[in-house]
Amino acid sequence: YKIAFLISHPIQYYAPFFKKLGEHPRVDLTVYFCLRAGSEKWDIPLLEGYKHVFLKNYSLCPAPTFFGQLNPGIIRKLKKNKYDAVILHGYTACTNWLAFVGARLTKTPIIVKGEAILSENVSWWKKIIKKIALGFMLKRAQAALYAYKANKDFFRFYGVPEEKLFFFPCAVDNELFQRK
């Protein structure tokens with residue numbers, strides 16, 4: 001399976017997962033990063049053992065915010081590489097929405113992953129916009145990966161049917177901690 005995984009930046013908790021998935025004989029994984037932030041030195045190598053690409057970011061203020069991740073090149077990458085699926089980590093960046101559009105144009109199945117929960121501290125107008133926009137995106141995804149019950153409730157609130165919800169727990173590299 002040829003899989004594209006879009007995420008904001010290298011994150012120490014995901015590096016072992018990407019490496020493990022990248023080693024799988026039936027998976028051809030490419031991880032696309034929107035930002036270089038986070039790739040500085042950690043206790044584990046963040047970019048080893050899997051294919052990755054740093055997309056060119058056209059934002060005037062690169063940051064893990066909606067307009068801080070403006071990487072339109074993801075559309076070209078999806079078209080050129082003809083992936084079997086694209087996994088979008090979250091929805092809070094412009095690039096996630098560009099990838100959603102690119103996946104729809106190229107008929108690439110979309111899997112959405114995130115750790116979001118429903119928040120009571122959101123203004124009424126933001127709730128309406130989120131209900132429309134997220135409902136539109138999430139209902140068109142082939143699957144949603146949730147990490148815990150409140151995250152599952154989030155996806156269900158925005159219209160993801162039960163049969164498209166799959167448990168994907170937050171993971172820890174147990175082998176690393178056992179060695180240390």
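Reader: Against which elements do the buried residues of H4 pack?

Author: They pack against S4, H3, S5 and helix H5 (149-157), where contact means heavy atoms within 4.5 Å. Helices (H or I, at least four residues) and strands (E, at least two) are DSSP runs, numbered from the N terminus. The model is predicted, so local features need pLDDT of at least 70 and side-chain atom pairs pLDDT 80 or more, whereas totals for chains, interfaces and linings use all residues. Residues are numbered from 1 along each chain as its sequence is written, and side-chain values use heavy atoms, without hydrogens and water.

Reader: Which residues of H4 are called buried?

Author: Leu134, Gly135, Met137 and Leu138 carry that label. The term requires under 20% relative accessible area; exposed requires over 50%, and partly exposed lies in between (1.4 Å probe, protein chains only).

Reader: What makes Leu134 the centre of a kink in H4?

Author: The bend at a residue is the angle between axes fitted to the seven residues ending there and the seven starting there. The kink in H4 is centred on Leu134 and amounts to about 25 degrees. H4 nevertheless reaches 24 Å over its 17 residues, first C-alpha to last, close to the expected 24 Å; that expectation is 1.5 Å times one less than the number of residues.

Reader: What span does H3 reach, and which of its residues are buried?

Author: With 13 residues (94-106), H3 reaches 18 Å, close to the 18 Å expected. Its buried residues are Cys94, Thr95, Asn96, Ala99, Phe100, Gly102 and Ala103. These pack against several elements, among them strand S1 (2-7), helix H2 (73-81) and helix H4 (124-140). Lys107, which follows H3, has a positive phi, near 60 degrees.

Reader: Why are S3 and S7 called edge strands?

Author: The sheet is open, with 7 parallel-paired strands in the order S3-S2-S1-S4-S5-S6-S7. Strand S3 (51-54) and strand S7 (165-167) each pair on one side only, and they are therefore its edges. Pairing demands that DSSP find at least two bridges between two strands.

Reader: How do you know that S1 and S2 pair, and which residue stands opposite Ile7?

Author: S1 and strand S2 (residues 28-33) share 6 bridges in the parallel sense, against a requirement of at least two, so they count as paired. Ile7 stands opposite Phe33 in S2.

Reader: Why is the contact of Asp28 with Lys51 called a salt bridge?

Author: The rule asks for a side-chain nitrogen of Lys or Arg within 4 Å of a carboxyl oxygen of Asp or Glu. The closest N and O atoms of Asp28 and Lys51 are 2.4 Å apart, so the pair qualifies. This pair links distant parts of the chain: Asp28 lies in strand S2 and Lys51 in strand S3, 23 residues apart. Asp28, at 30%, is partly exposed, as is Lys51 at 45%.

Reader: Where do Asp153 and Lys149 lie, and what makes Lys149 exposed?

Author: Both lie in helix H5, 4 residues apart, about one turn of the helix. Residues three or four places apart in an α-helix point the same way, because there are 3.6 residues a turn. Asp153 and Lys149 form a salt bridge, with closest N and O atoms 2.9 Å apart. Lys149 has a relative accessible area of 60% and is therefore exposed, while Asp153, at 27%, is partly exposed.

Reader: How many salt bridges does the rule give, and which residues are linked in a network?

Author: The count comes to 5. Lys152, Arg156 and Glu162 are linked in a network. Within it, the closest N and O atoms of Arg156 and Glu162 are 3.4 Å apart.
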